[in-house]
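Dear colleague,

I am handing over the structure below, and my notes on what was found in it follow directly after. Please read them alongside the coordinates.

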Number of protein chains: 2
Amino acid sequence: MGKYVTITEIARQLGVSHSTVSRALSDNPRISKKTRELVKNLAEKLGYHTNSMALRLSKGKSQLIGVIVPDLSISFFSKIVEGILETVQKEDYSILLLNTQESFEKEKEAVETCLKHRVDGVLAAITMQTKNFDHYERLIKYEVPLVFFDRVANFLPVPKVVANDHQSAFNATKHLIDSKCKCIAHITGSINLNNSNNRLYGYMDALAEHGLDVNESLIHYYEFEPSSIDKFLKKTIKKYPNLDGLFVFNDYVANYSINVLTKMGKKIPEDISVFGFSDEPVATYMTPQLSSVKQVASKMGRLAGQKMISILNYDEAVVNEKVVINPELILRETTKVIG
Amino acid sequence: MGKYVTITEIARQLGVSHSTVSRALSDNPRISKKTRELVKNLAEKLGYHTNSMALRLSKGKSQLIGVIVPDLSISFFSKIVEGILETVQKEDYSILLLNTQESFEKEKEAVETCLKHRVDGVLAAITMQTKNFDHYERLIKYEVPLVFFDRVANFLPVPKVVANDHQSAFNATKHLIDSKCKCIAHITGSINLNNSNNRLYGYMDALAEHGLDVNESLIHYYEFEPSSIDKFLKKTIKKYPNLDGLFVFNDYVANYSINVLTKMGKKIPEDISVFGFSDEPVATYMTPQLSSVKQVASKMGRLAGQKMISILNYDEAVVNEKVVINPELILRETTKVIG
DNA sequence: AGCTATTAAAATAACGTTTGCATAAACTTG
DNA sequence: CAAGTTTATGCAAACGTTATTTTAATAGCT
């Protein structure tokens, strides 16, 4: 009990050579039907599992894909991982998961770990600190296919899968404008993160393109301090009593903002329309339910996974390309119906 | 360019045998200091990485730990995975991540995948559907160490790491009682999930132990239908105008419930105190901020990971034991201050 | 009958390590 | 200085596969 059955054991019991067993199991036509069935039956009976370590050593392929994420506790990233898993598992690949916790050092280590494990490819999102890309170049040098998702190194000549944050924010803001909002504030996230910045620019461009002023004092940079939102909203409503729209970079913060506004006696969406971002679970648990931009995490994961599979299984070339996932607005109760 | 450096290549360049190189790299005292340094320098220079496929085949150890989770998009589970990763990475193990999506079939497949990859051990949380455990017995038969976390198969003689949901719910309810609540309702989750049930019993036991009636009509079984909560709360407040406490199995639903109560004109916590569960991010984004039971996900992950490491690296026996993580209440603004 | 094709299966090498055993050279030691 | 011991290294087997080459057995043909 306890020991794994090998091809050699099957061969011994059947009185044939192990190479015959190997071929029989992989349906090689050079083995007679009779022997093949004999082999397969015994393999089944003994509960034979091919030893993937041996298989991999022999084939020189690990069937392993390295996945490097900056922070697995962010639901966006864990959903991406879920999407990747779903896609690559079907093709018999497994995932070597590395969590860098936003540390550049850990990211370098993660790449080394990938190399050590001889992964067949790497899917990565860079940390907020990553400015040097030598470690990724190393992968390229070793001809390990690399695909970036979400947080990408723009100038490396590899495929990238990203969400169109700019367009999403643009469309959300445009929706507020279309529903007759004239004075729209924005709460944005960390200035270090590309994604927040793209959303900010999407907001500004939408305003500009529709003839509304872009007003610095209507923009709040949020950095983990909820009470700053109370202050911002109070100040803003005092200065701009006609405030009738709010676009927030994240659903949690949108939820918080709505609570603050409600306490100040504002009606949502009659007085002020609010648009969130990411369509987190909280969006449907709120009252009123939050209009938001659809979460593209699992789609992003699936697309990144598929790209890798195409490269690995169908010899697609690794080229400098960008797959952009387009936005989809989810309209709920915090925005007015148009028209 | 592109090919990995092997031990044999180093040996060739240095004019020694590959076994000498192998020993030199692993600091075997049988190799002279001079040779050892020669080897190490060249290895460094050539960017040598031990080929883990070969290493594993040779050693008969995969350095891989299978992690089976029911739903990675639930932040509780992704945080557990993060905790596991953090712990096992330090000991040079990698994770083979399997997501069962609450499907029993996928869970069986996941175990097979673990076997196929010759994982050194398996960490698992079962699906809501799992009633048969033959696949896990298979692991035990193959002497693959198994450790359960959170959702466990109670009667299998292996280590388990769980949160004390009963005690947590008991303490949360007791806190409501201590703050002078006399009529406390409870919203519970799926009747199929152990965790919800344990919380339900914790609530009931706390009431009973403090001389309060356990009243079936104060308990609502929530199944993914927010509007059922509106109905429940309205009905309950009509029937029990003295309702002054609410304990909810999950922070999202607590958030929703508070919104409903607020709209009905109830003041939180002056009229009704509310206690949530899990301390999700939303708890701090609410107004008032939600009192909740601390999230134990990453601690659970670390404990489960450590247990596995102890078994694998320090030959700890696989025994039928239960590690219980004790509750910690986070008191915020939805409950009254005691005394 | 004698030769060639064809078919089926066995043998062997290879993948890159670790490891037990062997060996040669250089030291001890009485 | 011969015998034994230590030191430093090499050799070869083993891990479980796949893949290439060889051999053996059978069948088909003139």
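Through which surface do the copies, chain A and chain B, meet? Because 98% of the interface residues of chain A are also interface residues in chain B, the copies meet through the same surface.

Please bear in mind that this is a predicted model, in which local features need pLDDT of at least 70, side-chain atom pairs count only at pLDDT 80 or more, and totals for chains, interfaces and linings use all residues. Residues are numbered from 1 along each chain as its sequence is written, chains are lettered from A and ligands numbered from 1 in the order in which they are written, and side-chain values use heavy atoms, with hydrogens and water left out.

As for symmetry, a turn of 180 degrees with a shift of 0.1 Å along the axis lays chain A on chain B with an RMSD of 0.4 Å (superposed by least squares on the C-alpha atoms of residues with pLDDT of at least 70 in both), which is the relation of a two-fold axis. In chain A, the C-alpha nearest that axis belongs to Met53(A), 2.9 Å from it.

Within chain A, four strands (DSSP runs of E, at least two residues, numbered from the N terminus) form an open, parallel sheet in the order S7-S6-S8-S9, where pairing requires that DSSP finds at least two bridges between two strands. Strand S7 (219-221) and strand S9 (273-275) of chain A are the edge strands, each pairing on one side only. Strand S8 (residues 245-248) of chain A pairs with S9(A) in the parallel sense over three bridges, and Gly245(A) stands opposite Ser273(A) in S9(A).

Best regards

Methods:
Contact = heavy atoms within 4.5 Å.
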